[in-house]
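Please open the structure in your viewer and keep the selection panel at hand. The tour below goes from one selection to the next.

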Amino acid sequence: MTQSDTNDALPGLNRRRFLWGGAATGVGAATAALIGSSWRDASSTAAAGHAEDARSAIHGALTVPFYGARQAGIDTPAQSHTVITAVDLVQVQTAEQVVRLMRLLTDDAARLTQGAAALADPEPELAIVPARLTVTFGFGERIVRLAGDNSAPSWLRPLPAFSIDDLDEDQCGGDLLIHVASEDLVTVSHAQRMLLKDTRSFGQVRWSTEGFRRAFGSEEASVTMRNLFGQVDGTANPRLGSDDLETVVWDSSASPAWLFNGTSMVIRKIAMDLDTWDELDRPGREESVGRYLTNGAPLTGHNEKDEPDFEKTTPLGFPVIAEFAHTRRARSSVPGEKIFRRAYNYNTTPTGGPVSDAGLLFLSYQADVDRQFVPLQQRLDELDLLNQWTTPIGSAVFAIPPGCAEGGFIGDSLFAI
Amino acid sequence: MKLSTKFATGFVALGTITALVGCAATASETAPSTAVAAQADSVSIEDAWVKSAEEGMSAAFGILSTDGAEVTVISASTAASPMIELHETVAGDDGQMMMQEKDGGFVVSKVEMILAPGGDHLMLMGLTAPLLAGDTVGFELTMEDGSIFSFDAPVKDYSGANETYNGDESVDIETDSASGSADDRGSDTRSGSADEGAPDQ
């Protein structure tokens, strides 16, 4: 990558000062783009031994490009904070209305992600710290069908019922997905409010949920996240920039033409019972997943990325990675039954008794929900020891349209005007 | 679509001012040889928008600027409203902020002229049809020399811009956003012949 090459020639300290200092004074789009693509580089340098300097580094000016062939916020390195909202477009009955709405929302997102106030933004000062803000839109089945009866891919519908589900209808489905993420929660809140204000004439919020990961800069960006059970979560995920991810997420060969450079998103809100999890001691916790808690290594290996050996047995003849272990159950021998996950933790105010209401926002991206996600979820539904402590309470499927060029709008490949 | 950070609150990035001043110096040097250039040619607007409204009144906003000498906007027109005025917001006798027609029009100098809720704005006095969020409205500004600057502004829902109008009759332009029955109107647009249906004045 040209940018890294250039950057490597500079001492880390100076490079960071130039990048972040430059962005803060608004040098321009070229600098912003450079920063957007080199942030990982900079943050890993900071973690490598410039702790003093990293503490003073300001990263609020970092941006992720909005316009492009694909929407940002999918194979973008996950930001620390997200808020995901589904809107029911109850007033929308025509494609023309969708176009009006998506023109407004696209313009809002294009401005806000680049650190500029939205049009008619009453709090413009809240917009100037994008901190890698991304806004990603998705369409539910009803909205896609407004473009024509044949426009919806076959997988665009609620997931089949699973026995482990205890779904709350108020946390399922929706016509329009608005997925906002940034390293800064103030930025997330402002962007969400500006976007939702522009949906008021078209519908109403169906559900909204907040998620978080480690704060930006508190550890290297390449570290696999941990969920609130303390588990390393997502080890087998396709790596960003890999051919694997390209196939898993973006292979649109079986999709309607408008979904070229688009994909699908499944959202599962999974409650985690931290109180009963507390009753389980460390060996039991590790056995439930088939991985060590220290570093996420399979119980048959030493390092996180070691391939699990599902054949390996104990001296007594039992499999080291149990039949019911999550790692074993999530693995498929069928090529293509693979997803790209981008999960977030949630932790909200508990009501009536328990001290926690926490869990995981399981965001899964795949080219084809029925071919990739459903078989995997069915296997976990049949047998996965983790099911004992986890309960899916929300579920939704959205088509993620491609990105757009400046002057266009998200969804213009579907609602071509 | 411009993405530069400019705020209607008068908070303008230093770099922008410098850049505009730099351009202006060049423009004034060459001005004498192009004395016949229409004033409208030097005018531009950024971040234009108009407040959605079911009926009655509304207002349009944006950031006007000129790359040449100072120009004055003397009137405005739009198919969305047969009556449109250049307004300013001032404190009334009772201390309340009031809107009224601005004497002498809008003077656009090299530095931006900001049209914003709570300040100067284009006042639409009698909408011919609802302004729906996400629609686009065309405007024409007439300059002192008679030249016309045209621009389009998207319609946005907005809860502010509710100052009392200090005109012949005292009215509140508070306008509920064009919600609720939006779907009843289908693909209604206001361009072209919309002004033909304007009521008699």
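Which pattern does chain B follow, read along the sequence? Select chain B and trace α-β-β-β-β-β-β-β-β-β-β-β-β, where helices (H or I, at least four residues) and strands (E, at least two) are DSSP runs numbered from the N terminus. This is a predicted model, in which local features need pLDDT of at least 70, side-chain atom pairs count only at pLDDT 80 or more, and totals for chains, interfaces and linings use all residues. Residues are numbered from 1 along each chain as its sequence is written, chains are lettered from A and ligands numbered from 1 in the order in which they are written, and side-chain values use heavy atoms, with hydrogens and water left out.

Next, select strand β4 (residues 84–91) of chain B, where six of the eight residues are buried, meaning under 20% relative accessible area with a 1.4 Å probe, protein chains only. Add strand β8 (residues 121–124) of chain B, which pairs with β4(B) in the antiparallel sense over four bridges; strands count as paired if DSSP finds at least two bridges between them. Here Leu86(B) has Leu122(B) as its bridge partner.

Now add strand β5 (residues 97–101) of chain B, antiparallel to β4(B) over five bridges, with Glu88(B) bridged to Gln100(B). Five residues lie between the strands of this β4(B) and β5(B) hairpin, and Gly95(B) takes a positive phi near 90°.

Finally, move to chain A and select Ile178(A), which, leaving aside its neighbours within four places in sequence, is in contact with residues including Val83(A), Leu105(A) and Phe137(A); contact means heavy atoms within 4.5 Å.

Terms used
Buried < 20%, exposed > 50% of the residue type's maximum accessible area, 1.4 Å probe, protein only.
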